[in-house]
Amino acid sequence: MKVGITGASGMLGSALINHLSKSYRVFATSRGRGVEGKNIKWDCFNLTDIILLTEWLETIRPDVVIHCAAITNVDLCEDNVKLATRLHIETTEVMANFLDSYGGRLIYISTDSVFDGEKKGAYSESDLVSPLNVYAKTKFMGERSVLSMNNGLVLRTNIIGWTQEGKTSFVEWVVNRLNDNMPLNLFYDVYFSPLTIYELSFIIEKIIEKPILGLYHCGSRDNISKYDFGKKMAKIFQLSDSNINKISIDSVDFKATRPKNMALNSDKLSDKLQYDIPNVIDSIVHMKNQYDAQL
C-alpha cells in the first residue's frame with residue numbers, strides 16, 4: 001500500500017513516518033526533508049504550488065494520503081489569511097478531488113479549535129462549530145471537501161510530543177522551563193484533550209487497516225486545564241512545580257482570539273475502533289518514558 005504524508009517533517013508527520021514505514025511504502029512531502037529510512041521516499045516542494053502538488057499525486061497515485069500540513073502558529077494565520085486559505089482549504093480540495101477520482105482515501109488532520117469554547121464539558125461531533133480565528137476557520141473549511149468525498153476522514157485532535165531537532169513543542173517548553181526552574185505561566189481556564197503523536201500514529205494505522213469515514217474526534221479519554229497539565233507533568237517528571245504560575249488566558253493579548261474549552265469527546269471513535277483511548281495521565285507517563293529513553 002502507498003501512503004502519502006504531507007507536512008511530513010513536522011512533529012506528527014515524523015511520528016507517522018517512523019510508525020507506518022515499517023508496514024507501508026511512505027511517500028513524504030514537506031518543504032524540507034525529515035525522517036529517512038527504508039520504504040520512505042521524499043519529495044520536497046511547497047504544497048501550495050498546485051501544479052507541483054498535482055504532479056506529486058499523479059506520480060505516486062497513493063492509496064491513502066494523511067494530510068498533516070498546516071500553519072499551526074495561530075497568530076501567524078491572522079497576518080497571512082491568503083496563505084492559510086491556500087494551505088488549509090485549496091490544497092485539501094485538490095487532494096480530495098484527485099483521490100476521489102479513483103477511490104483513494106484522504107485522512108485530514110483537523111483541530112479542536114473549531115469551537116467557540118463556550119460549552120460546558122467536552123465537544124462531540126454533533127456540536128455546532130463556531131471558529132474564532134483564521135486558523136480555525138480555514139481548517140474547518142478544509143474539512144468540507146474531505147467530508148464530501150466517498151473515502152474521506154476528518155480527525156479533529158490536539159497532539160503533544162517530542163519534536164525533531166531545532167523545534168520546540170508545548171510539552172518540551174514545559175519540561176525545559178521546569179528543568180531550568182524558569183517562570184512558567186499556564187492557563188487555568190483553557191481545557192484540552194491532548195493525545196501523543198505516537199498514540200495518534202497507532203490509531204491512524206488501525207484506520208488504514210480497517211477504514212472508517214466521516215468526522216471523528218480523536219483526543220485523550222478525558223480533559224484537563226493547561227495549568228493542571230503542567231502540574232501533572234511536574235509530578236510525573238519528578239520536578240518542582242514551584243515556578244508554575246496560574247494565569248487566565250484573558251490576561252494575554254493574543255492577536256488571534258482563542259477558545260477556552262477545546263475538550264473533545266472521542267467516544268464515537270473509541271466505539272468504532274473498539275479501542276480504549278488513553279487518558280491524559282497515561283499520555284504524560286508515555287512522554288516521560290520516552291524522555292528517559294532519550295537520556
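The paragraphs below go through this predicted model from the whole chain down to single residues.

The secondary structure of the protein chain consists of 10 helices and 13 strands. Its radius of gyration is 19 Å, close to the 19 Å that the globule rule gives for 295 residues, so the chain is as compact as a globular protein of that length. Taken along the principal axes, the box filled by the C-alpha atoms comes to roughly 55 × 40 × 40 Å. When contacts with a separation of 6 or more are considered, 74% of them join residues that stand 24 or more positions apart in the protein chain.

The surface and the interior can be described next. Of the 295 residues, 53% count as buried, while the chain exposes about 13,500 Å², of which carbon and sulfur atoms supply 47%. The charged side chains comprise 33 positive and 35 negative ones, and the centres of these two sets lie 2 Å apart.

In soluble globular proteins, nonpolar side chains tend to be buried together. In this model the largest nonpolar core has 36 residues, and Ile5, Ile66, Ile107 and Leu155 are those with the most contacts inside it. A second, separate core has 27 residues, among them Leu57, Leu106, Val134 and Val146. Returning to isoleucine 66, and leaving aside residues up to four places away in sequence, one finds that this residue touches Val3, Gly4, Ile5 and Thr6, together with Leu16, Leu20, Ile107, Ile109, Ile204 and Ile208. Two of these partners, Leu16 and Leu20, are among the buried residues of α1. Helix α1, which spans residues 11-20, is mostly covered, with eight of its 10 residues buried; besides the two leucines just named, the buried residues are Met11, Leu12, Gly13, Ser14, Ala15 and Ile17.

Two residues deserve attention for their backbone. Arginine 61 has a positive phi of about 50 degrees although it is not a glycine, and its place is in the loop between α2 (50-60) and β4 (64-67). With a relative accessibility of 44%, arginine 61 counts as partly exposed, because that value falls between the limits of 20% for buried and 50% for exposed. Glutamine 238 likewise is not a glycine and has a positive phi, in this case of about 55 degrees. Glutamine 238 is found in the loop between α8 (226-236) and β13 (244-247), and its relative accessible area of 70% makes it exposed.

The loop between α8 and β13 also holds asparagine 243, but this residue counts as buried, at 7% relative accessibility. What does asparagine 243 touch, not counting residues up to four places away in sequence? Its partners are Arg177, Leu178, Asn181, Met182, Pro183 and Leu184. Asparagine 243 and arginine 177 are 66 residues apart along the chain, yet their C-alpha atoms are separated by 8.4 Å.

A last polar residue, serine 283, is found in helix α10, which covers residues 280-294. Is serine 283 buried or exposed? Its relative accessibility is 3%, and because buried means under 20%, serine 283 counts as buried. Again leaving out residues up to four places away in sequence, serine 283 touches Ile160, Pro194, Leu195, Thr196 and Pro278.

Terms used: Residues are numbered from 1 along each chain as its sequence is written. This is a predicted model: local features need pLDDT of at least 70, side-chain atom pairs count only at pLDDT 80 or more; totals for chains, interfaces and linings use all residues. Side-chain values use heavy atoms; hydrogens and water are left out. Helices (H or I, at least four residues) and strands (E, at least two) are DSSP runs, numbered from the N terminus. The radius of gyration is taken over C-alpha atoms; the globule rule is 2.2 Å times the number of residues to the power 0.38. Buried means under 20% relative accessible area, exposed over 50%, partly exposed in between (1.4 Å probe, protein chains only). Contact means heavy atoms within 4.5 Å. Accessible areas come from the Shrake-Rupley method with a 1.4 Å probe; for residues, only the protein chains shown count as cover. Lys and Arg count as positive and Asp and Glu as negative; His and the chain ends are not counted. The place of a charge is taken as NZ of Lys, CZ of Arg, CG of Asp or CD of Glu. A nonpolar core is a set of buried Ala, Val, Leu, Ile, Met, Phe, Trp, Tyr and Cys residues joined through side-chain atoms within 4.5 Å.
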